Structure formats: structure tokens, C-alpha cells
Amino acid sequence: MVNAEGSTAIMNDTGKSDDFIVPQKPANKGAQASIDAHPSAEPVEGRESTKGNAVQSPTAGIQGPGLVSRGLSGIREAAQRDRKLRFTGLMHHLTEPLLHASYERLNARAAVGVDGVSWEAYGEDLDANLANLKDRLHSGSYRAQPSRRQYIPKPDGRQRPLGVAAVEDKIAQQALVTVLEQIYEHDFSNFSYGFRPGRSAHDALDALYVGLTERPIQWVLDADIQGFFDHLDHDWLLRFLEHRIGDPRVLRLIRKWLRAGVSEDGAWVPSDEGTPQGAVISPLLANVYLHYVLDLWISWWRKHFAVGEVIIVRYADDFVIGFQHERDARLCLEELRERFTHFGLSMHPEKTRLIEFGSLAERHRSRRGETKPESFDFLGFTHSCSRTRNGRFSIRRKTIAKRMRAKLANLKGIMLRMRHAPIPAQGAWLKQVLQGWFNYYAVPYNSIALDRFRWWVGRLWWRALRRRSQYAYRTLWWSRMGRIIDRWLPRSKITHPWPSARFAVKYPR
């Protein structure tokens, strides 16, 4: 079946067509894939293609100098020329220099995998190890090892499962990510920001701010995909990859990583779906999956079905969609649920909300005598409607309260354990913690939350120091502690510019 755009579509079990999805494998050698990449730009960004990023390499900011060879540059140029080209020979780009650069990019202090080999131990005979790894990758004798299961606390008190891969798997994954990024950076939509070279969470926040303040948005879909990384369908993912990758060795390598399973408490657990959070290649695979399931579909849907304006900003599996009309919002939410179900995903019933939000929503609710619109959370900030001093509509962003509480609870335990360390050592460490927190959260309108965080860190530090001994408890008064805090803890300062100003610089209209 062919839709109005000339794109191939298939019928799902409900009788509706799933545009842009072709389950059969296209022919090799020059055959065009049946997915229309739709390079039309996101209205929020006010540009017709990715020209706004043309000033930098697709790997700028992520990949070090010399990591992209002439061969990879050729892949990038071919992918840019033809959005439907399938690459049938990619494996030979996994060279020893690329593997060496990938090794250097890994975190040297990361936890070890099931093999117990650390980054330093692997590097003791690095050249021989990488040569052996390259030979096994090219000959097909390479075997992926299970990921070691590890849990980290989430802000809501639950545990987030992570998969710690072996260092050799990390190197191979990083090398392949470098190759595949040359292709997919020209395919991904302009409103996709997560885990992409040259793009950050603040770029996504800026785009959302500009879209909500400068477009006639009245409704916001605050969406949450339930257990996305745990329920990613392997078969669909490989079919999506086949639209651009025609090298069976690369597809076989990715399949090995997906099906390697996890090791938990010494027992191997198979993985029939999902991709481990924490794996080097998982963010790229997640972006590919949502590119076909969400990005291309929403671009097509708003062009053919939306009555008013529609904006979208996605960062990995977190996304927000804004609508001008309630009719568009409710229709999109209903069809999006059906589409996610078809591809093995589901929207969280409690965390997915459709709310009135925006300049129009505030005006309409005020006329009806209702309170101001509800707020929503995105990328660590609570967004709420506000007004500037001259009465212009704005959005106030402050640190999510439960995230701050979770961070303070974590710091409390650490400070209690290190309370007997020298105060200069504790102060230097806390200074780095606060500076890192301020680097992300120091946005306009958030100064009160920053000051509150600094005050609580100082208070928890004081309590920890007073528990050194009874003498410290009696003599370390708050007045003296204030001087210690002022000596070591930096004061909060808004370092990020206004979102509209930074957005206009990065994407000049």
C-alpha cells in the first residue's frame, strides 16, 4: 500500500496503516529504502533542514580529533547525499586506530564487567589486545559477554537496573557507534536531542521554551514511555536498522549484543527484548528505534491530520508535544497509544498527562475564572506558566523538588561516612559537587532553588561534622560553620543565558 506521499505502508492488526514501516528487507545495491526521511524542520527551530548544524562536524563535541577517518568522512558524505542509501560494507571501518581511539574515550574508573577486567588491566598490553579484538570482529569469532546487572536509586525511590558491559564489548560498541553516527546524524529529526553529537539537554530545553513561548500552544502532552529500554523489541529494531545498514556482519554484531543477556547474582538471564541501560551502543539504538516509531510518524501526522500548530521536543525516550487545539492533542494521544502498542511499547498510565499549558491556555483559564495551568517536568526542571515584569508570557523553570531531595539524601550518607576526613578534603569535594549541580541547574528563574540547595548542603555538612565527637558537637556552632561554608562552598550564580537568546545564536533564523 502506498500513501499520499509515495511512502510504502503496511496494514497492522487493527486494519490501520503504519506509514514509513517496511518489514521486508529491501534489496541491496542501490535499491532505495521505503522510508521517507522527511527532512522538513521542526517549526520550533524555524529552519528547513539541518543547515543550522552545518558549521560543525556531526561528531563535534563527542569524538576527539583524528577519530573520524577519511573513510568515515566518505560514509558521512554519502549518507548526506542520499537519505535512502543502504550501506553494504561497514565492517572494514572497524580498524585498530579506531578501536584504540574508542578505548581512550572510555571511562577509566568505570565498574568492571563480568570478566573482571578493568580499563587499566586491558591497557597493559593494549596493542596486542586490540589487534586480537579486530581479528575476531572481522572473522566473526567475536562473542559478546553478558552485562553485569547493577542497580542505582531513582528519584522516586525505586531502583534503576543498569548493565555493566565488559571493557572489550565497550570498545567494540564505541567503535561501531562512531561509524553508525556518520549515517544516522543525517537521518535523525531536528527535534531529537538526546545523546547526539553537538546537542545537549539544554539545547532541548531551549527549543521547548522557544516553542511554548513563541508558538500559539494551548495543550501539552507530557509523555512517559513505560520501561522503554527494557521493552525495546529486537526484531523491530533490526528491521529498522536494515533500512540503512546492508552489511550482514554489522547486523549480526548488534544482534549478539542484544541477545548477550545479563548476569545477576552469578546467574545468567537471557534478554529477549530491551537493551541494557548503560551500554555504550544503547543510546544510539534507542534513537534509531524512536526515529522510526515516533519521529517520522509525528512529522507525517502533524502535516496530514493536525488542524493547528504542533511542536515536539524529544530527548532520548523523554518527549513533550505541544498543540494549538485540544482536538489535535486528544486525537494524537489516542493514535500514539495505538502506535506504541503495535511496536511493543506503552505509555505510562500515571505519568502521561495531557494538560492545558501555554500563553493561550493561561488566558483562557483566566477568563473562565480558573487557576493557572498545571506544571510539568522535563529534563530535571519543573515548567510552569509565568509572566515577566512587563506582562509578557514566560515559563518559569525550577529544579524538580524530588530530584533535589534525592540528591541531598545521597550527599547526607556520603558526608556521614567521610566526616572524619580533613575539612579541606571534604570542602574540596563538596565544592565540585555544588559546581556540577550549578552548571546544569543555574538557569534564569531558578536562583531560589539553587540557594536552597546550597543551604541544605551546608546544613548537612554541619550535622555530619558535629557527629565527629562530643567535643565537636559542643564547639562547632553554626556561626563558625558559616565561615567554613563560605570558604569552601561556591555561591549560586545564574550562568545560563535566556533560552531564546541562546537558541537564536545556535539556530539563527
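**Notebook: two sheets and a helix pair**

I began with one residue pair: Pro 153 stands opposite Gln 159 of strand S4. I note that this is a predicted model.

Entry on the first sheet. I looked up the strands around that pair. Strand S3 covers residues 147-153 and runs antiparallel to S4, with six bridges joining the two. I then asked which order the strands of this sheet take. I read it as S4-S3-S6-S7, an open sheet of four strands with mixed pairing. At the edges I found strand S4 (159-164) and strand S7 (267-269), and each of these pairs on one side only. For the twist I noted an average of 45° from one strand to the next.

Entry on the second sheet. I moved on to another open sheet, also with four strands. Its order is S8-S9-S5-S10, and its pairing is antiparallel. Why do strand S8 and strand S10 each have one side without a neighbour in the sheet? I found that S8 (310-315) and S10 (353-356) stand at the edges with a single partner strand each, so one side of each is left without a neighbour there. Neighbouring strands here are turned by 15° against each other on average, with direction ignored. I checked one pairing more closely: strand S5 (residues 219-224) and S10 are antiparallel over four bridges. In this pairing I saw Leu 221 opposite Leu 354 of S10.

Entry on the helices at the second sheet. I looked up what packs on the sheet and found helix H6 (residues 201-214), which touches S5, S8 and strand S9 (318-323). The direction of H6 makes about 165° with that of S8. I also found helix H10 (residues 282-304) lying across S8 and S9. H10 runs at about 175° to S8.

Entry on a helix pair. I turned to helix H14 (residues 423-441) and helix H15 (residues 447-466). At what angle do they pack? I noted about 160°, with the axes 11 Å apart. Angles over 145 degrees count as roughly antiparallel, and H14 and H15 are therefore roughly antiparallel to each other. Their crossing is right-handed. From H14 I listed the contact residues as Ile 423, Gln 426, Gly 427, Leu 430, Leu 434, Trp 437, Phe 438 and Tyr 441. From H15 I listed Leu 450, Phe 453, Arg 454, Val 457, Trp 461 and Leu 465. I sorted the residues of this contact by kind and got eleven nonpolar, two polar and one charged.

Key
Residues are numbered from 1 along each chain as its sequence is written. This is a predicted model: local features need pLDDT of at least 70, side-chain atom pairs count only at pLDDT 80 or more; totals for chains, interfaces and linings use all residues. Side-chain values use heavy atoms; hydrogens and water are left out. Two strands pair if DSSP finds at least two bridges between them. Axes are lines fitted to C-alpha atoms, for helices over the stretch in contact, and angles run from 0 to 180 degrees between N-to-C directions. Contact means heavy atoms within 4.5 Å. Angles under 35 degrees count as roughly parallel, over 145 as roughly antiparallel, 65 to 115 as roughly perpendicular and the rest as oblique. A crossing is left-handed if the near helix is turned anticlockwise from the far one by less than a right angle, and right-handed if clockwise. Ala, Val, Leu, Ile, Met, Phe, Trp, Tyr, Cys and Pro count as nonpolar, Asp, Glu, Lys and Arg as charged, and the others, Gly among them, as polar.
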